[in-house]
Amino acid sequence: MRFIITAQSSAESSTADPQPEFDADLFKAYMRFNEEMHRAGVLVASEGLNPAAKGARVAVAHGKRYLVDGPFAESKELVGGFYLIEVSSLDEAIQWALRAPSGFGKDDVLEIRQLTGADDLPPEILQLISEAAPTWSAAAWQSRNGR
């Protein structure tokens, strides 16, 4: 099972809080956590996200996509980063999240969500996926069967 663990600020965090000084020891704790998950064979990907000011938002209206100008959501509503892990259960994903370091202020809340896998879809949907995207679906589902 694949899970995405997203990191965001808590409701108590303030956008007016000054940017804290870089803490090399805390940063190394995050990197050691990544290393631990990698060595355990559960880490698929882990990335921090740049601030919303360096991004864009695309929405849909009347069936067409369009660019939405800022302002973006308050920083406490933005995802600061993610871990993509492959484990055997939600409980195992929770156990990893409970061990994650904290302290950058953009990771006070970790939300764990299971990703959709082939076992979650009815055969007719899998057939449509295979017909519409044969090489992608073969690669995507095959990579997930390795665990």
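## The protein at a glance

The accessible surface of this protein comes to about 10,200 Å², and 54% of that area belongs to carbon and sulfur atoms. Please keep in mind as you read that the model is predicted. Of the protein's 147 residues, 22% count as buried.

Now let us turn to the secondary structure. The protein has 4 helices and 6 strands. If you follow the sequence from start to end, they come in the pattern β-α-β-β-β-β-α-β-α-α. Contacts tell us about the fold too: among those between residues at least 6 apart in sequence, 77% join residues at least 24 apart.

## The sheet

In which order do the strands of the open sheet stand? The order is β2-β5-β1-β6, with 4 strands in the sheet and antiparallel pairing. Strands β2 (43-48) and β6 (109-114) stand at the edges with a single partner strand each, so one side of each has no neighbour in the sheet. From one strand to the next, the twist averages 15°.

What holds paired strands together? Strands of a sheet pair through backbone hydrogen bonds, and the pairing can be parallel or antiparallel. Here, strand β1 (residues 2-8) pairs with β6 in the antiparallel sense, over 6 bridges. You can find one of these partnerships by looking for F3, whose bridge partner in β6 is Q114.

## Helices on the sheet

Helix α1 (residues 24-40) packs on the sheet, where it touches β2 and β5 (79-86). The direction of helix α1 makes about 20° with that of β5.

Helix α2 (residues 90-99) also packs on the sheet. Which strands does helix α2 touch? Its contacts are with β1, β5 and β6, and its direction makes about 160° with that of β6.

## Salt bridges, buried and exposed

The structure holds 4 salt bridges. One of them joins R2 and E86, with the closest N and O atoms 3.2 Å apart. This pair links distant parts of the chain, as R2 lies in strand β1 and E86 in strand β5, 84 residues apart. Are these two residues buried or exposed? R2 has a relative accessible area of 15%, so it is buried. E86 is buried as well, because its relative accessible area is 7%. Both values fall under the 20% limit for a buried residue.

Another salt bridge connects R39 with E35, whose closest N and O atoms are 2.7 Å apart. Both residues belong to helix α1 and are 4 residues apart, so about one helical turn separates them. R39 is exposed, with a relative accessible area of 68%, while E35 is partly exposed at 36%.

The side chains of R113 and E111 also meet in a salt bridge, at 3.5 Å from N to O. With 51% relative accessibility, R113 counts as exposed, whereas E111 has a relative accessible area of 32% and is partly exposed.

## A nonpolar patch on the surface

Which residues make the nonpolar surface patch of about 310 Å²? They are F22, F27 and M31. F27 is a good one to look for, since you already know its setting: this residue lies in helix α1. At 34% relative accessibility, F27 counts as partly exposed.

Notes:
Residues numbered from 1 in each chain as written. Predicted model: local features only at pLDDT ≥ 70, side-chain atom pairs only at ≥ 80, totals over all residues. Heavy atoms only, no water. Pairing = 2+ DSSP bridges. Helix = DSSP H or I, 4+ residues; strand = E, 2+ residues; numbered from the N terminus. Axes fitted to C-alpha atoms, helices over the stretch in contact; angles between N-to-C directions. Contact = heavy atoms within 4.5 Å. Buried < 20%, exposed > 50% of the residue type's maximum accessible area, 1.4 Å probe, protein only. Patch = residues over 30% accessible without salt bridge, like charges linked within 9 Å, V, L, I, M, F, W, Y side chains within 5 Å. Areas by Shrake-Rupley, 256 points an atom, 1.4 Å probe, with all protein chains shown as cover.
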